[in-house]
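Let's take a walk through this fold together, starting with the whole chain and then zooming in on a few residues. Keep the viewer open as you read.

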Amino acid sequence: MHATILARMFFIVEQNIVTCPLYEGDPSVTSPTTNQVYVAQFVRHLLSQAYPHLQAQQHQILVEGFFSLTSNVTMFRDHLRDFLVVIREIAGEDVADLFLEERKQQLAEAETEKRRQQVAVPGVLNPHEVSDEMES
């Protein structure tokens, strides 16, 4: 959900849907620029302050990915997750929770497949566990 919202925000900036200048009132902006350039520079600056142990090129690649992957939320989420994995690995933290959604989906698919196989073999399931739609 958060990745979807973030992707939408970058999409809005990238497509120039916001027509008023976002950089007005920012004393660091000395020359006219576009909202996309301003937001990219601002996000890179935030990342460099929050993660000084990463190289400027890593910040650049992350921000470029934010703007180029806005039309595909799955790829955007994967790009964001890759960044979080790098950050957590450097900090020595566990990254398993970043893949929780996919793991839940895999378990549900495995359970569905197991149930399908059990229904296919007569007598494996209790007759009360078999729904009417599975019997046909």
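Before anything else, a word on contacts: two residues are in contact when they have heavy atoms within 4.5 Å. With that in hand, take the contacts in the protein with a separation of 6 or more: residues 24 or more positions apart account for 36% of them. Bear in mind as you look around that this is a predicted model.

The overall layout is quick to describe. The protein has six helices and zero strands, so to speak a run of α-α-α-α-α-α when read along the sequence. There are 136 residues in the protein, and 24% of them are buried.

A good place to dig in is helix H2, which covers residues 35-50. Its 16 residues reach 22 Å from the first C-alpha to the last, close to the 22 Å expected at 1.5 Å a residue. Which residues of H2 are buried? They are Asn35, Tyr38, Val39, Ala40, Val43 and Leu47. Look at the spacing in that list with the usual helix geometry in mind: an α-helix has 3.6 residues a turn, so residues three or four places apart point the same way. As for what covers the buried residues of H2, the cover includes helix H1 (2-14), helix H3 (56-68) and helix H4 (73-91).

Now for the inside. The largest nonpolar core has 20 residues, and the members that touch the most other members are Phe10, Val39, Val43, Phe66, Phe67 and Phe76. H1, H2, H3 and H4 are the elements that give two or more residues to this core. Which of them gives the largest share? That is H2, with five residues.

Phe67 is worth a click. Setting aside neighbours within four places in sequence, phenylalanine 67 is in contact with Phe10, Val13, Glu14, Gln36, Val39 and Ala40. Phe67 is also one of the buried residues of H3, alongside His59, Leu62, Val63, Gly65 and Phe66. H3 itself has 13 residues and spans 18 Å from first C-alpha to last, close to the 18 Å expected at 1.5 Å a residue. Its buried residues pack against H1, H2 and H4.

Staying in H3, turn to histidine 59. Is histidine 59 buried or exposed? Its relative accessibility is 4%, so histidine 59 counts as buried. Beyond its neighbours within four places in sequence, histidine 59 is in contact with Arg44, Leu47, Ser48, Tyr51 and Leu54. Leu47 in that list is one of the buried residues of H2.

Next, look at how H1 and H2 meet. Their axes come within 8 Å and cross at roughly 140°, which makes H1 oblique to H2. The helices meet through Phe10, Val13 and Glu14 in H1 and Asn35, Gln36, Val39 and Val43 in H2. By class, this contact has four nonpolar, two polar and one charged residues.

Asn35 deserves its own stop. This asparagine sits in helix H2, and it is buried because its relative accessible area is 8%, under the 20% cut-off. Not counting residues up to four places away in sequence, asparagine 35 touches Val13, Val18, Cys20, Pro21, Leu22 and Tyr23.

In the loop between H1 and H2 you'll find asparagine 16. Its phi is near 55°, a positive value in a residue other than glycine. With a relative accessibility of 49%, asparagine 16 counts as partly exposed.

Two residues show how the chain brings distant stretches together. Isoleucine 87 lies in helix H4 and counts as buried at 12% relative accessibility. Isoleucine 87 and histidine 53 are 34 residues apart along the chain, with their C-alpha atoms separated by 9.5 Å. Leaving out residues up to four places away in sequence, isoleucine 87 touches Tyr51, His53 and Leu54. Over in helix H1 there is isoleucine 5, which counts as partly exposed at 43% relative accessibility. Isoleucine 5 and valine 73 are 68 residues apart in sequence and 9.4 Å apart in space, C-alpha to C-alpha.

Terms used. Residues are numbered from 1 along each chain as its sequence is written. This is a predicted model: local features need pLDDT of at least 70, side-chain atom pairs count only at pLDDT 80 or more; totals for chains, interfaces and linings use all residues. Side-chain values use heavy atoms; hydrogens and water are left out. Helices (H or I, at least four residues) and strands (E, at least two) are DSSP runs, numbered from the N terminus. The expected span of a helix is 1.5 Å times one less than its number of residues. Buried means under 20% relative accessible area, exposed over 50%, partly exposed in between (1.4 Å probe, protein chains only). A nonpolar core is a set of buried Ala, Val, Leu, Ile, Met, Phe, Trp, Tyr and Cys residues joined through side-chain atoms within 4.5 Å. Axes are lines fitted to C-alpha atoms, for helices over the stretch in contact, and angles run from 0 to 180 degrees between N-to-C directions. Angles under 35 degrees count as roughly parallel, over 145 as roughly antiparallel, 65 to 115 as roughly perpendicular and the rest as oblique. Ala, Val, Leu, Ile, Met, Phe, Trp, Tyr, Cys and Pro count as nonpolar, Asp, Glu, Lys and Arg as charged, and the others, Gly among them, as polar.
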